[in-house]
Amino acid sequence: MKIQLTNQGDIHVLDLFGELDYHSSPELREKLTELTMKQTPKILVNLGGVDYMDSSGIATFVEAFQKAKRYQGRLILAALTATVRGVFEIAKLDSIFEITPTVAEAAKCLSAKT
Amino acid sequence: MEKRFELTASSEVLSPFRKELRQILNRAGWEKKTTEEILLAVDEALTNIIRHAYQGRPGKMMVSVLASDDRIEIVLEDQGKKFDPTQVPSPELPRHRPGGLGIHFIRTIMDQMIYDDQNLTGNRLHLIKHKAKI
């Protein structure tokens, strides 16, 4: 798994590439924990480059989402591949998370509301 | 077709094993979506062996893949602590706390999950999926 962290104005963007499983999810958890510890208000996770995800990946996002909610931060997941979206659907979490089809739409959502 | 794998109980083996299993499923004519789902179910079962049966300690995981025209059976064996995933209750969904979804994924994806409680040492789990009839 490769993780790139960039800033788009006040939005922190995490671009993920590769497979997100029990082996690679601790690295992502560490990055998301850094952001939520700093109470980063706007986090955008670009999953367009992730072609596989298991329950460890889901757990990592649930944890970060809950932490962000506690300080009124927002975490949006964008550009899910069909495989990754399928995993959210099996977990019935697709309606809990804020999910957008593209990164541009996620950025627009985060810019529109504060 | 039958193929047997001996894996080290470590998270590093998961990705290379998925590649091997994906090839077997492709050759056996499974459609892409179902292939990815079966990979997820088997991956979750292997992760449970690493986490619950061996609890991070070194060990071996034996995986037998039996593929025929109309079904696939994957048998996972280990010599770790007894862990019967069929006894784990189904979670209430959606879960608002992290964790507890792996066995739900296996149950949802596979047609059968059978734990062999006659196995004296370690664990043996059968995961079976039938091809949908067109």
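**Helix α3 of chain A, the two sheets and the contact between the chains**

A:G86 is placed in helix α3 of chain A. The model described here is predicted. A:G86 is partly exposed, as 18 other C-beta atoms lie within 10 Å, whereas a residue counts as buried at 20 or more. Although A:G86 and A:M53 are 33 residues apart along the chain, their C-alpha atoms are separated by 9.6 Å.

The helix that holds A:G86 spans residues 82–90 of chain A, and A:V84, A:V87, A:F88 and A:I90 in this helix are buried. These residues lie on the same side of α3(A), because they cover an arc of only 165° around the axis. The face turned away from the buried side carries A:A82 and A:E89, which are exposed. The buried residues of α3(A) pack against elements of both chains, namely β3 (42–53) and α2 (55–70) of chain A and α2 and α3 of chain B.

After α3(A) comes A:K92, which is found in the loop between α3 and β5 of chain A. Its phi is near 55°, a positive value in a residue other than glycine. A:K92 is partly exposed, with 15 other C-beta atoms within 10 Å. A positive phi of about 55° also occurs at A:Q39, again not a glycine. This residue is located in the loop between α1 (25–37) and β3 of chain A. A:Q39 is exposed, with 12 other C-beta atoms within 10 Å.

The strands of chain A form an open sheet of five, in the order β1-β2-β3-β4-β5, with mixed pairing. Strands β1 (2–8) and β5 (98–100) of chain A stand at the edges; each has a single partner strand, so one side of each lacks a neighbour in the sheet. On average, neighbouring strands of this sheet are turned by 25° against each other, direction ignored. Both kinds of pairing can be followed in individual strand pairs. β3(A) and β4 (residues 74–78) of chain A run parallel and are joined by five bridges, with A:I43 opposite A:L75 in β4(A). By contrast, β1(A) and β2 (residues 11–20) of chain A run antiparallel and are joined by seven bridges. In this pair, A:I3 stands opposite A:L16 in β2(A). β1(A) and β2(A) form a hairpin with two residues between them, and A:G9 in the turn has a positive phi of about 65°. The edge strand β1(A) is hardly covered, as the count of buried residues among its seven residues is zero.

Chain B also has an open sheet of five strands, here in the order β1-β2-β3-β5-β4 and with antiparallel pairing. Its edges are formed by β1 (2–8) and β4 (112–115) of chain B, each with a single partner strand, so one side of each is left without a neighbour in the sheet. Neighbouring strands of this sheet are turned by 15° against each other on average, direction ignored. Within the sheet, seven bridges join the antiparallel strands β2 (residues 60–67) and β3 (residues 71–78) of chain B; B:V63 has B:L76 in β3(B) as its bridge partner. Helix α2(B) packs on the sheet, where it touches β2, β3 and β5 (123–130) of chain B, and its direction makes about 10° with that of β3(B). Elsewhere in chain B, a cis peptide bond with omega of about -5° joins B:L93 and B:P94. B:P94 lies in the loop between β3 and α3 of chain B.

The largest nonpolar core comprises 70 residues, of which A:L44 and B:A41 touch the most other members. Helix α2 (residues 32–53) of chain B gives the most to this core, with 10 residues. Leaving aside residues up to four places away in sequence, B:A41 touches B:F105, B:I106, B:I109, B:M110 and B:L127. In soluble globular proteins, nonpolar side chains tend to be buried together.

The contact between the chains takes 19 residues from chain A and 19 residues from chain B. On the side of chain B that touches chain A, α1 (14–27), α2 and α3 (102–109) of chain B each supply at least two residues. Helix α2(B) gives the most to this side, with six residues. By type, the residues of this side of chain B divide into seven nonpolar, six polar and six charged.

Definitions and conventions:
Residues are numbered from 1 along each chain as its sequence is written. Chains are lettered from A and ligands numbered from 1 in the order in which they are written. This is a predicted model: local features need pLDDT of at least 70, side-chain atom pairs count only at pLDDT 80 or more; totals for chains, interfaces and linings use all residues. A nonpolar core is a set of buried Ala, Val, Leu, Ile, Met, Phe, Trp, Tyr and Cys residues joined through C-beta atoms within 7 Å. Helices (H or I, at least four residues) and strands (E, at least two) are DSSP runs, numbered from the N terminus. Two residues are in contact if their C-beta atoms, placed from the backbone, lie within 7 Å. Two strands pair if DSSP finds at least two bridges between them. Axes are lines fitted to C-alpha atoms, for helices over the stretch in contact, and angles run from 0 to 180 degrees between N-to-C directions. Ala, Val, Leu, Ile, Met, Phe, Trp, Tyr, Cys and Pro count as nonpolar, Asp, Glu, Lys and Arg as charged, and the others, Gly among them, as polar. The arc is that of the directions from the helix axis to the C-beta atoms.
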